[in-house]
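Work through the exercises below with the sequence and the model open. Try each task before reading its solution.

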Amino acid sequence: MTQIVDVRLRRILDSRGNGTVEADVLTESGGFGRGAAPSGASTGEHEAIELAPEEAIAAARERAVPRLVDEVYAGDQRSVDAALHAADGTDDFSEIGANSAVAISMAAAKAGADMLGAPLYQHLGGAFRGENFPIPLGNVVGGGEHAADATDIQEFLSAPVGAPSVTDAVFANAAVHGEIHDILAERSIPAGKGDEGAWAPSVDDEEAFEIVAEATETVSGEVGFEIGFGLDVAAAEMYDEEDEEYVYSDRTRSTEEQIDYIAELVSEYDLVYVEDPLDENDFEAFADLTEKVGEQTLICGDDLFVTNTERLSQGIEQGSANSILIKPNQIGTLTDAFDAIELATRNGIEPVVSHRSGETEDTTIAHLAVATDAPFIKTGAAGGERTAKLNELIRIAEDAL
Ligand SMILES: O=C(O)[C@@H](CO)OP(=O)(O)O
Ligand SMILES: [Mg+2]
């Protein structure tokens, strides 16, 4: 039986050295699952609420655990997540914290899979999943909120769209990351790394484009398949609401100018993916850009949609994007993340399952991407908390879990 008999919560470290919530779920006949909440730095205004880990743990122990233990089956994910919503009682998890909620939700899913003796992606997605794999988007150069004194654009993402297998794709992104290191060394540009393991050189965006274009081209030539690249502009972080303009290090851009600028970048660099090119509340400007370049590239809403079906519905109505980022902790449960993916897929919106800048060794998102047949996963290129997910994808592909 998969009835939950214990839920344990603790504070553990994340990749930034901050505390985060880890949950263990145990079932009646010995099933065990463990999940840990990630954490964002460039968080969307409309995300579910992350509480201080101690606070989230205390609130979840008081309110959520009694609704789960001896009450709910770990294998019944919708009931687990409904119990979390009922325990919280708000629409943004501000009582028990989205960090407690998502850790418990993921731990319960893993306990359910453990009981079935099935890999998590099969428990979540069914017996016929595991044939298709997401293309990993690998953050290779970045700045914004993830690194000081680096690029304005938050992420430059290697996109090995022609890779014959997920393993080839993962290694291609690592090779691009390595190639960029060499180019930076040739140019005598010192570079530390940002929060996600991407290089964080003190260069302007123009030079970063040049470097990433060169690196992807070189590696593509070496491996013999197409490697493009994309961006997470994280434009909400640069938008000045009062002056209604986007503030870059060397200039500002009006909304119109920002749309034109992004459209030019898409053509010039053949970008395959552009996330959050505009402010998180500007569905209309998103729609104007999607109208312009939506045939050529993916315009993805992260802070715009925050994995929320209501916001996604508005985006579908207005034609704001043709892609959505999926972050379970933005919305608080796997059920909510699943529903967002389903709504997206039904409407021709491509889901991109994503990590956060603050991560742990948790590999749930790799399974979620395979379970939902997501075409892309964004989970970095280097660093242990990133490679945990990438290596799990390699294992899933090899059926070696
Ligand atoms: O903006 C993003 O897409 C993410 C992950 O790359 O960053 P953060 O977790 O800081 O929101
Ligand atoms: Mg983003």
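**Exercise 1.** Determine how strand 13 (residues 298-301) and strand 14 run relative to each other, and how many bridges join them.

*Solution.* The model is predicted. Start with the pairing: strand 13 and strand 14 run parallel, and two bridges join them. Next, take G301 and look across to strand 14. Its bridge partner there is I324. Now sort the side chains of strand 14 (residues 323-326). S323 and L325 point one way. I324 and I326 point the other way. Last, check burial: all four of these residues are buried.

**Exercise 2.** Find the protein donors of the magnesium ion (ligand 2) and their spacing along the chain.

*Solution.* First, list the donors. They are D232 (OD), E275 (OE) and D302 (OD). They lie 2.0 to 2.2 Å from the ion. Second, write the spacing: D-x42-E-x26-D. Third, place two of the donors. D232 lies in strand 8 (residues 228-232) and E275 in strand 12 (residues 273-275), so this pair ties together parts that are 43 residues apart in sequence. Fourth, check accessibility. Both D232 and E275 are buried.

**Exercise 3.** Which residues does the UniProt annotation "binding site" cover, and which of them does the lining of the largest cavity include?

*Solution.* Begin with the record. The unreviewed UniProt entry gives Q154, K327, R356, S357 and K378 as "binding site". Then turn to the largest cavity. Of these residues, its lining includes R356.

**Exercise 4.** Locate Q154, decide whether this residue is buried or exposed, and trace its contacts.

*Solution.* Locate the residue first: Q154 sits in the loop between strand 4 (135-142) and strand 5 (155-159). Apply the cut-off next. Buried means under 20% relative accessible area. Q154 has 2% relative accessibility, so Q154 counts as buried. Now leave aside neighbours within four places in sequence. The contacts of Q154 then include S42, H146 and D232. D232 also appears in Exercise 2, as a donor of the magnesium ion. Finally, look at S42 again. A polar contact of 2.9 Å joins its side chain to that of Q154.

**Exercise 5.** Where is R356 placed, is this residue buried or exposed, and which residues is it in contact with?

*Solution.* R356 is found in the loop between strand 15 (350-354) and helix 13 (364-371). Its relative accessible area is 2%, so R356 is buried. Beyond neighbours within four places in sequence, R356 is in contact with residues including P38, S42, E47, E196, K327 and R386. Compare the two contact lists. S42 is in contact with Q154, and S42 is in contact with R356 as well. K327, a contact of R356, is also covered by the "binding site" annotation.

Notes: Residues are numbered from 1 along each chain as its sequence is written. Chains are lettered from A and ligands numbered from 1 in the order in which they are written. This is a predicted model: local features need pLDDT of at least 70, side-chain atom pairs count only at pLDDT 80 or more; totals for chains, interfaces and linings use all residues. Side-chain values use heavy atoms; hydrogens and water are left out. Donors are N, O and S atoms within 2.8 Å of the metal (3.2 Å for Na, K and Ca); water is not among the atoms, so sites may look incomplete. Helices (H or I, at least four residues) and strands (E, at least two) are DSSP runs, numbered from the N terminus. Buried means under 20% relative accessible area, exposed over 50%, partly exposed in between (1.4 Å probe, protein chains only). UniProt positions are given in the numbering used here, feature names are shortened, and annotations may be inferred rather than shown by experiment. On a 1 Å grid over the protein atoms alone, a cavity is a set of points where a 1.4 Å probe fits but cannot get out, and a pocket is an open set with protein on both sides within 12 Å along at least five of seven lines; lining residues have an atom within 4 Å of a point. Contact means heavy atoms within 4.5 Å. A polar contact is a pair of N or O atoms within 3.5 Å; within protein, one must be able to donate a hydrogen and the other to accept it, and residues adjacent in sequence count only if both atoms are side-chain atoms. Two strands pair if DSSP finds at least two bridges between them.
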